[in-house]
Amino acid sequence: MSKQDKHYRKTMDALQLELAGLHHGLRRSGKRLVVIFEGRDAAGKGGTIKRITESMDTRGYRIAALGKPDETEATQWYFQRYVAHLPAAGELVLFDRSWYNRAVVEPAMHFCSKDQYEAFLDAVPAFEKLLTDDGIILIKYWLAVDQKEQEQRFAERAENPLKHWKLSPVDLASREKYAEFGKLRDVMIERTHRNHAPWFVVDFNDQKRGRVNLIKHLLQQVPRHNAETPPIKLAKLKGKPKREGVTAKAMWVPDTYAD
């Protein structure tokens with residue numbers, strides 16, 4: 001492991017403690033936190049979400065990564081299926097793309113009409129004001145990546161069978177729309193940036209640096225929380241530790257792992 005990688009790992013380990021403290025703070029206070037991750041394909045949204053949640057109690061956070069709306073959802077109020085994923089008291093919800101699909105991806109790929117696009121941009125500030133007025137903490141990030149770097153990541157995904165699933169037909173089609181995505185992004189930010197729900201842009205040309213900068217910023221946006229929790233003292237076991245004696249009715253999986 002290189003010196004740079006060791007420094008990144010050490011930094012990320014320290015941030016994991018702070019993120020655990022943030023999570024405990026939400027559960028104690030009952031506050032609700034929504035974090036939106038937007039950006040171009042291959043910007044690093046999914047990997048960043050994994051780093052944020054890797055040490056958290058799975059019962060206290062949810063990741064919302066919604067696919068294409070089905071026939072019923074397509075007839076609903078546009079925000080309806082996203083509202084269903086908003087947090088309850090003490091919860092954190094991370095949106096891997098969000099209602100802002102209609103601001104960039106949908107108009108670029110002609111998945112919505114011009115009227116639907118304009119109506120969305122007009123409605124978002126009021127919609128988000130309702131959320132924040134009700135006490136939800138809303139943080140919105142755009143992960144910025146240059147086209148050259150994006151192309152390198154696409155090439156890596158194309159060569160790696162374990163990453164082929166990350167290359168959808170929409171992802172591939174979006175490669176020809178880099179400039180158009182940028183124009184739509186700027187309109188989105190200009191029309192929906194408000195004091196109650198501002199946009200924050202993070203440079204993600206270096207994904208590790210981008211993750212660290214985003215997580216540090218996220219920790220600063222949430223009301224103070226205790227980063228450290230006191231150690232738990234375990235009572236001494238009575239008697240000798242017991243083996244796990246499972247009923248013979250069950251079948252053991254063969255041990256095929258070679259040390």
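Q: What share of the 259 residues in the protein is buried?
A: Buried residues account for 41% of the 259, where buried means under 20% relative accessible area with a 1.4 Å probe, protein chains only, against over 50% for exposed and in between for partly exposed. The model is predicted, so local features need pLDDT of at least 70 and side-chain atom pairs pLDDT 80 or more, while totals for chains, interfaces and linings use all residues. Residues are numbered from 1 along each chain as its sequence is written, and side-chain values use heavy atoms, without hydrogens and water.

Q: What makes residues 3-29 a helix, α1?
A: A helix is a DSSP run of H or I with at least four residues, a strand a run of E with at least two, numbered from the N terminus. Helix α1 has 27 residues, so α1 satisfies the length condition.

Q: How do you know that the span of α1 is close to the one expected?
A: The expected span is 1.5 Å times one less than the number of residues. For α1 this is 39 Å, and the reach from first C-alpha to last is 39 Å.

Q: What covers the buried residues of α1?
A: The cover includes β1 (32-39), α2 (45-53), β2 (61-64), β3 (92-96) and α9 (207-221), with contact meaning heavy atoms within 4.5 Å. Among the buried residues of α1 are Tyr8, Met12, Leu15 and Leu19.

Q: Which residue follows α1, and what is the sign of its phi?
A: Glycine 30 follows α1, with a positive phi near 80 degrees.
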